[in-house]
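Please open the model in a viewer and keep the sequence panel visible. The stops below say what to select next and what is found there.

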Amino acid sequence: MRPALFSFTLLAALGLANGAHAFTPAGSDTVYEVGDEAFEGYYSAAQGEARGTVVIVHDWDGLGDYERQRADMLAEQGFDA
């Protein structure tokens, strides 16, 4: 198989696999300001009474579905995140 065709086939397969496991956030995106600069965050409330609050700090590439999913997982465990 030619490398270009293999690369396209691999990317197509990964795209289809990724779409099959699409993430639907349970929380909500929020915008907050520090000084005059606006930032985007995500909030997922605990199911039931909150046992505490967890702040998640994303890595270098910013807020994404990974951080949103982790916040939702913590909310399922009873924490605001």
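Begin by selecting Gly 48, which counts as exposed because its relative accessibility is 63%; buried means under 20% relative accessible area, exposed over 50%, and partly exposed in between, with a 1.4 Å probe and protein chains only. Gly 48 sits in the loop between strand 2 and helix 2. Helices (H or I, at least four residues) and strands (E, at least two) are DSSP runs, numbered from the N terminus. Now add Gly 78 to the selection: 30 residues separate Gly 48 and Gly 78 along the chain, and their C-alpha atoms are 6.8 Å apart.

The model is predicted: local features need pLDDT of at least 70, side-chain atom pairs count only at pLDDT 80 or more, and totals for chains, interfaces and linings use all residues. Residues are numbered from 1 along each chain as its sequence is written, and side-chain values use heavy atoms, with hydrogens and water left out.

**The overall fold**

Switch to a cartoon view. The protein has two helices and two strands, and along the sequence they follow the pattern α-β-β-α. Of its 81 residues, 17% count as buried.

**The loop before helix 2**

Which residue in the loop between strand 2 and helix 2 should be selected next? Choose Gly 62, found in that loop. Gly 62 is buried, because its relative accessible area is 17%. Select Glu 40 as well: the C-alpha atoms of Gly 62 and Glu 40 are 9.5 Å apart in space, while the two residues are 22 apart in sequence.

**The salt bridges of Arg 68**

Keep Glu 40 selected and add Arg 68. How many salt bridges does the structure hold? There are three salt bridges, a salt bridge being a side-chain nitrogen of Lys or Arg within 4 Å of a carboxyl oxygen of Asp or Glu.

- Arg 68 and Glu 40: their side chains meet in a salt bridge at 3.1 Å, N to O. Since Arg 68 belongs to helix 2 and Glu 40 to strand 2, the pair ties together parts that are 28 residues apart in sequence.
- Arg 68 and Asp 29: a salt bridge joins these side chains at 3.0 Å, N to O. The pair links distant parts of the chain, with Arg 68 in helix 2 and Asp 29 in strand 1, 39 residues apart.
- Arg 68 and Asp 65: the closest N and O atoms of this salt bridge are 3.8 Å apart. Both residues lie in helix 2, three residues apart, about one turn of the helix.

Display the four residues together: Asp 29, Glu 40, Asp 65 and Arg 68 are linked in a network of salt bridges. Is Arg 68 buried or exposed? Arg 68 is buried, with a relative accessible area of 10%. Its partners can be coloured by accessibility: Asp 29 is partly exposed at 46%, Glu 40 is partly exposed at 46%, and Asp 65 is partly exposed at 43%.

**Strand 2 and the largest pocket**

Move to Tyr 42, which lies in strand 2. Tyr 42 counts as buried because its relative accessibility is 12%. Add Thr 30: the C-alpha atoms of Tyr 42 and Thr 30 are separated by 5.5 Å, with the residues twelve apart along the chain.

Next, turn on a pocket display. The largest pocket holds about 320 Å³ of space. Of the 15 residues that line the largest pocket, the closest to its centre are Gly 41, Tyr 42, Val 55, Ile 56 and Ala 81. On a 1 Å grid over the protein atoms alone, a pocket is an open set of points where a 1.4 Å probe fits, with protein on both sides within 12 Å along at least five of seven lines; lining residues have an atom within 4 Å of a point. A volume is the space filled by probe spheres set on the points, which are joined across faces, edges and corners.

Which elements give two or more residues to the lining of the largest pocket? They are strand 2 (37-43) and helix 2 (65-76). Strand 2 supplies the largest share, four residues. By class, the lining has ten nonpolar, three polar and two charged residues; Ala, Val, Leu, Ile, Met, Phe, Trp, Tyr, Cys and Pro count as nonpolar, Asp, Glu, Lys and Arg as charged, and the others, Gly among them, as polar.

**A nonpolar patch**

Finally, select Val 34 in strand 1 (residues 28-34). Val 34 is exposed, with a relative accessible area of 52%. Add Tyr 32 and Phe 39: with Val 34 they make a nonpolar surface patch of about 280 Å². Patches are made of residues with over 30% relative accessible area and no salt bridge, nonpolar side chains (Val, Leu, Ile, Met, Phe, Trp, Tyr) being joined within 5 Å and like charges within 9 Å. Accessible areas come from the Shrake-Rupley method with a 1.4 Å probe, and for residues only the protein chains shown count as cover.
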